Amino acid sequence: MRGSGPVGEAAEGGTPRDPGFKSPRAHTQRFRLDDTLDVRDTAKYLEAITPDSPEAKSIIGEVYEKRFVEISCKQGSMDAHIWVYTGPRGDYLLVPRSFCSCKDFMIRTASTKKTLACKHLIGLELAVKLGKKREVSLSADECVRVVFEILEKNVSPTLRKALYTLQE
Ligand SMILES: [Zn+2]
């Protein structure tokens with residue numbers, strides 16, 4: 001006999017379940033870092049980077065293309081900043097001298113510790129030192145949208161649109 005009675009489990013008593021609920025945390029779990037990563041080593045390494053450093057070669061062109069963006073997220077008296085690399089194949093979230101959401105950083109820096117930084121962290125360092133960063137101001141809602149778009153789609157149309165309409 002099929003089709004009789006309630007479908008699914010835990011229909012009675014106990015803890016109520018909500019199968020429709022999806023935690024936004026699920027998208028960020030893959031970004032969890034190995035807890036032995038020491039960001040101080042990365043910071044020290046990046047502090048010493050100059051446009052003449054051999055490591056600068058692979059990213060300096062993109063620095064001059066102004067691919068590194070500082071977003072100011074204003075809400076009341078709060079002014080938070082997020083950093084994004086806008087690449088030809090996608091966008092990455094950055095924390096200066098500490099973190100990049102690219103695969104290379106996740107694998108070679110955070111996990112296996114073969115390198116102290118990915119090329120985006122090096123590029124961001126140079127963009128700040130050379131005054132080549134772009135700056136854009138967004139609402140707190142837009143900032144959250146930018147972060148989720150990058151985590152979910154690897155590119156942020158919200159940020160691209162803001163940069164496109166930016167008067168420079
Ligand atoms: Zn990176």
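The following questions and answers concern a predicted model of one protein.

Visitor: In what order do the elements of the protein run from the N terminus on?

Guide: The predicted protein has six helices and five strands. Read from the N terminus, these elements follow the order α-α-β-β-β-β-α-α-β-α-α.

Visitor: Which strands are the edge strands of the sheet?

Guide: The five strands form an open sheet with mixed pairing, and their order is 4-3-2-1-5. An edge strand pairs on one side only. The edge strands are therefore the two at the ends of that order, namely strand 4 and strand 5 (134-139).

Visitor: In which sense do strand 2 and strand 3 pair?

Guide: Strands of a sheet pair through backbone hydrogen bonds, and the sense may be parallel or antiparallel. Here, Trp83 stands opposite Leu94 in strand 3. Strand 2 and strand 3 are joined over five bridges, and the sense of their pairing is antiparallel.

Visitor: Which element gives the most residues to the largest nonpolar core?

Guide: In soluble globular proteins, nonpolar side chains tend to be buried together. The largest nonpolar core of this model has 29 residues, and those touching the most other members include Phe68, Leu94, Leu124 and Val146. Among the elements giving two or more residues to this core are strand 1 (68-75), strand 2 (78-87), strand 3 (90-95) and helix 4 (119-129). The most, five residues, come from helix 4.

Visitor: Leaving aside neighbours within four places in sequence, with which residues is Leu124 in contact?

Guide: Leu124 is one of the core residues that touch the most other members. Once its neighbours within four places in sequence are set aside, the contacts of Leu124 are Phe68, Trp83, Tyr85, Leu94 and Pro96.

Visitor: How are helix 5 and helix 6 oriented to each other?

Guide: Helix 5 (residues 140-153) packs against helix 6 (residues 157-164) with the axes 7 Å apart and at an angle of about 125°. Angles over 145 degrees count as roughly antiparallel, and 65 to 115 degrees as roughly perpendicular. The angle of about 125° falls in neither range, so the two helices are oblique.

Visitor: How do the residues of the contact of helix 5 with helix 6 divide into nonpolar, polar and charged?

Guide: Helix 5 contributes Glu142, Arg145, Val146 and Glu149 to the contact, while helix 6 contributes Pro157, Thr158 and Leu159. These residues divide into three nonpolar, one polar and three charged.

Visitor: What percentage of the residues in the protein is buried?

Guide: A residue counts as buried if 20 or more other C-beta atoms lie within 10 Å of its own. Of the 168 residues in the protein, the buried share is 25%.

Notes
Residues numbered from 1 in each chain as written. Predicted model: local features only at pLDDT ≥ 70, side-chain atom pairs only at ≥ 80, totals over all residues. Axes fitted to C-alpha atoms, helices over the stretch in contact; angles between N-to-C directions. Helix = DSSP H or I, 4+ residues; strand = E, 2+ residues; numbered from the N terminus. Parallel < 35°, antiparallel > 145°, perpendicular 65-115°, else oblique. Contact = placed C-beta atoms within 7 Å. Nonpolar A, V, L, I, M, F, W, Y, C, P; charged D, E, K, R; others polar. Core = buried A, V, L, I, M, F, W, Y, C linked by C-beta atoms within 7 Å. Buried ≥ 20, exposed ≤ 12 C-beta atoms within 10 Å, placed from the backbone.
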